[in-house]
Amino acid sequence: MPEPVPLWLDCDPGHDDVFAILLATYHPGIKLLGMSTVHGNASLEKTTRNALSVLAAIGKQDDVEVYPGASHALHRAPIHAPTEIHGESGLDGTSLLPPPPPEKLREVTSPERKSAVDAMASALRSCAPGTAWVTATGAVTNVAALFAAHPDLKTHVKGVSIMGGSVGNGFTPAVMGVVDGVPRVGNYTQWAEFNVLIDPEAAAAVLADPVLAAKTTLIPLDLTHLVLATKEVQDTLLHGPSHDDRSECIPGHIRGKSDLRVMLVELLNFFAHTYRDVFGIVEGPPLHDPLAVAAILTGTEHEILFYDYDPKSPEGPGRRERFAVEVVTEGTLEDALHRGAQTGRTLVKLLPPGSEGVRIPRGLDIPLFWKVIEECCERADLANKRILALPAN
């Protein structure tokens, strides 16, 4: 049987990070080496607490090591997501998320804790060359710092996947919204996606590096806005694939098969109104971060097919697309918010056929993706049942 893909997950939980963590911990084709946290959806303190809470919720608190990383961008002050997106805690919207285990929180936040960059480097070096992936679902600060401090790892890792950036101009059929009558490209500003905007220099360092670019998959808003948690999807997450079997529903909850499933759907719906009102996405909220985890399965027996060609071009699937990506680093956040600056924008250029560059998929097998997410829910449910069946200490 093929070995699972080694993965280091760098994240900023964050509602959709919860699904990325679920996929990384419970997919049989992935071996999670560890997790680091970064500023973004909330402060570093909160994203670290949230990461520990999520691991406790899915029964993995003793299996995955977490390391706090950067609390701010490489060269900029910290920026956190608006509270209407992720709430004050970074994971508002449910009462079912457990607090971080106190002993684990003390261990993870100890001043003696190994740094996130050193932990990442050690874990990646423990893997055979050309096998391990690094996935970033928040700002790319930790990842850029990793390769700056350990440049030999650029050739050692198999790949880097990043949820970030946006292309625009009809790159996919996704709904992106309109600002003052002009089609929107970004989400935090008209031009920029949040993860790139909060540390554009870090994103630029990774995406412009010729060694890293050739092994990087970028998951932009144009793709994530196609992956919507519709009512049908939410029903499946709540009940499992057999919607008619409600026998395991928990009294007092919203028709859920388990507390975990109810929690996941509550988290999904916390920011649904923002996507409806701001972006015009009415079918359900999009799911961003787990796509960057799913992308590392390319070429394995567990592959979720991502389409890296333009279906509108005459060549179609016959032409594999690769891109050069330039990140706009000029300007401040205030310039971007109030003066129309394109700070944090990802400018994408299609490379000639056969060139190596950044992979930016235009589509994926969405039904299979949601099926895999549900299967991970089922595995987490079983793990939680086993934990609850253990005798109390």
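**Questions about a predicted protein model**

Visitor: Is Asn 169 buried or exposed?
Guide: This is a predicted model, and everything said here is computed from it. The residue lies in the loop between β5 and β6 (178–179). Exposed means a relative accessible area over 50%, and because Asn 169 has a relative accessibility of 75%, it counts as exposed.

Visitor: What is the phi of Asn 169, which is not a glycine?
Guide: Most residues other than glycine have a negative phi. Asn 169 is not a glycine, yet its phi is positive, with a value of about 55°.

Visitor: Which two residues are joined by a cis peptide bond?
Guide: Most peptide bonds are trans. The cis bond here has an omega of about -15°. One of its two residues has its place in the loop between β1 and α1 (15–26), and that residue is Gly 14. The pair joined by the cis bond is therefore Pro 13 and Gly 14.

Visitor: Which residues does Asn 50 touch, not counting residues up to four places away in sequence?
Guide: Asn 50 is found in helix α2, which covers residues 44–57. Its relative accessible area is 7%, so it counts as buried. Leaving out residues up to four places away in sequence, Asn 50 touches Pro 13, Gly 14, Ser 89, Gly 90 and Leu 91.

Visitor: Why does Val 5 count as buried?
Guide: Val 5 is found in strand β1, which covers residues 5–11. Not counting residues up to four places away in sequence, it touches several others, among them Ile 30, Trp 133 and Ile 296. A residue is called buried when its relative accessible area is under 20%, and Val 5 counts as buried because its relative accessibility is 8%.

Visitor: How many bridges join β1 to β4?
Guide: The two strands run parallel to each other. One of the partnerships can be named, since the bridge partner of Leu 9 in β4 is Thr 135. For β1 and β4, the number of bridges is four.

Visitor: Which residue in β5 is the bridge partner of Thr 135?
Guide: Thr 135 belongs to strand β4 (residues 133–136), where it shares one side with Trp 133, while Val 134 and Ala 136 are on the other, and these four are all buried. Strand β4 also pairs with β5 (residues 159–163) in the parallel sense, over four bridges. In β5, the bridge partner of Thr 135 is Ser 161.

Visitor: What is the radius of gyration of the protein?
Guide: The secondary structure of the protein comes to 17 helices and twelve strands. For 393 residues the globule rule gives 21 Å, and the protein is as compact as a globular protein of that length, because its radius of gyration is close to that figure, at 20 Å.

Visitor: What share of the residues of the protein count as buried?
Guide: The C-alpha trace spans about 60 × 45 × 45 Å along its principal axes, and the protein exposes about 16,100 Å², of which carbon and sulfur atoms supply 55%. Of its 393 residues, the share that count as buried is 58%.

Visitor: How far apart do the centres of the positive and negative side chains lie?
Guide: The protein has 33 positive and 49 negative side chains. Taking the centre of each set, the separation between the two is 3 Å.

Conventions
Residues are numbered from 1 along each chain as its sequence is written. This is a predicted model: local features need pLDDT of at least 70, side-chain atom pairs count only at pLDDT 80 or more; totals for chains, interfaces and linings use all residues. Side-chain values use heavy atoms; hydrogens and water are left out. The radius of gyration is taken over C-alpha atoms; the globule rule is 2.2 Å times the number of residues to the power 0.38. Buried means under 20% relative accessible area, exposed over 50%, partly exposed in between (1.4 Å probe, protein chains only). Accessible areas come from the Shrake-Rupley method with a 1.4 Å probe; for residues, only the protein chains shown count as cover. Lys and Arg count as positive and Asp and Glu as negative; His and the chain ends are not counted. The place of a charge is taken as NZ of Lys, CZ of Arg, CG of Asp or CD of Glu. Contact means heavy atoms within 4.5 Å. Two strands pair if DSSP finds at least two bridges between them.
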